[in-house]
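Thanks for making the time this morning. I would like to walk you through one structure, slowly, and define each term when it comes up.

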Amino acid sequence: MRLVFAGTPQAAVPSLEALLTSGRHDVVAVVSRPDARTGRGRSLSRSPVAAAADAAGIEVLTPPNARDPQFAERLRDLAPDAVPVVAYGHLVPRPVLDIPAHGWVNLHFSLLPAWRGAAPVNAAIEAGDEVTGATTFRLDEGMDTGPVLGTMTETIRPRDTAGDLLARLSVSGAGLLLATLDALETGELRAVPQPTDGISRAGKITVDDARVRWTDPALAVDRHIRSVTPAPGAWTTFGGERVKIGSTTPSGEGAPTLAPGRILWDKHTFLVGTATAPVAVDTLQPPGKKMMNAVDWARGARLDDGAEFP
């Protein structure tokens, strides 16, 4: 089929690469979010998908949003049979959805209708789900509400961070997207409406949402930290300054009882109390420094016995 690919973050790049190397479909253009200012210098940077398309010599469209009239006109000129989309980042209006004959085919990183929304991988880890997956569906004007075309499952491992899980899903999901487009081309696939039960939502995660609540049970604290790692990154405060929490592990049997937020450390371990058992913080990032070993930080900061994270 003749395709225009829509996507923005790194998680969408494996899907674009799978389509480019399929030997079956022709990607004639890519749609991505406009260049954004990033880093301390606030310089303009291409999205990962736009950069991959540049490297492949493919036309890149970066409309301010999908309602832009010039974008709709260019899409009609390109005349795609389908628009595969992975985390593009803009809602698409009905007139634009109707341009390709097979519609916009979206790859979403959950088993719909579970975890509709912007952060399905994060939500699945925070909720303690044991299995998640990916779904291809035909995009409509709702939030991940369109009819399903295909699914695949992925086990959530006990120590997975959101970054770990998304990296695996982006690769396996690319295979699902390619298989879906193959089947649409041959007419072997029919869309099935999503169930009306089992709906859950995964809204966008803000920096404020990523703050660690030490008054939660240890299991919830651990899941929360992993669910926002690496982005936006779990954090707490110490001495009125923000400290980013890196990797953690559950404390072993026989760990001492600590009040929520209370710190206990020695030359081998750095424990922080929760509502139940403490968690062991392996790495953290103080203000203005790189991620470092938590024990090394405690030693350098000369923490006393009453130190705590509020």
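**From one arginine into the fold**

Let me begin with arginine 213, which is partly exposed, because its relative accessible area is 39%. In that scale, buried means under 20% relative accessible area, exposed means over 50%, and partly exposed is what lies in between, all with a 1.4 Å probe and protein chains only. Before going on, I should say that this is a predicted model, in which local features need pLDDT of at least 70 and side-chain atom pairs count only at pLDDT 80 or more, while totals for chains, interfaces and linings use all residues. Residues are numbered from 1 along each chain as its sequence is written, and side-chain values use heavy atoms, with hydrogens and water left out.

With which residue does arginine 213 form a salt bridge? The partner is glutamate 126, and the closest N and O atoms are 3.7 Å apart; a salt bridge here is a side-chain nitrogen of Lys or Arg within 4 Å of a carboxyl oxygen of Asp or Glu. Arginine 213 sits in the loop between α6 and α7, whereas glutamate 126 belongs to helix α5, so the pair ties together parts that are 87 residues apart in sequence. When I say helix or strand, I mean DSSP runs, numbered from the N terminus, with helices being H or I of at least four residues and strands being E of at least two. Glutamate 126 is also partly exposed, at 32% relative accessibility.

Now let us turn to the helix that carries this glutamate. In α5, 6 of the 8 residues are buried, so this helix is largely enclosed by the rest of the structure. The buried ones are Pro120, Val121, Asn122, Ala123, Ala124 and Ile125, and they pack against β7 (104–108), β8 (131–138), α6 and α7. Just after α5 comes glycine 128, which takes a positive phi of about 80°.

Next is helix α7, residues 218–227, where 7 of the 10 residues are buried, so that this helix too is largely enclosed by the rest of the structure. Its buried residues pack against α5, α6 (162–186), β11 (241–245), β12 (248–250) and β15 (279–281). One residue to look at in α7 is histidine 224. Is histidine 224 buried or exposed? It counts as buried, because its relative accessibility is 3%. Leaving aside neighbours within four places in sequence, histidine 224 is in contact, meaning heavy atoms within 4.5 Å, with Glu126, Asp209, Ala210, Arg211, Val212 and Arg213. Both partners of our salt bridge, Arg213 and Glu126, are therefore among the contacts of this histidine, by the rule that contact means heavy atoms within 4.5 Å.

Let me return to salt bridges more broadly, since the count comes to 15. In one of them, arginine 168 meets aspartate 160, with the closest N and O atoms 2.7 Å apart. Here arginine 168 is buried, at 16% relative accessibility, and aspartate 160 is buried as well, at 4%. Another joins arginine 299 and aspartate 296, at 3.0 Å from N to O. These two both lie in helix α8, residues 294–301, where they are 3 residues apart, about one turn of the helix. As background, an α-helix has 3.6 residues a turn, so residues three or four places apart point the same way. Arginine 299 is partly exposed, with a relative accessible area of 42%, and aspartate 296 is partly exposed too, with 39%.

Finally, the interior. A nonpolar core is a set of buried Ala, Val, Leu, Ile, Met, Phe, Trp, Tyr and Cys residues joined through side-chain atoms within 4.5 Å. The largest such core has 39 residues, of which Phe5, Val30, Phe109 and Leu181 touch the most other members. Which helix gives the largest share of this core? That is α6, which supplies 8 residues. If you pick out phenylalanine 109, you will find among its contacts Pro120 and Val121, as well as Leu166 and Leu169, again leaving aside neighbours within four places in sequence. Apart from this core lies another, of 24 residues, among them Ala218, Val295, Ala298 and Phe309.
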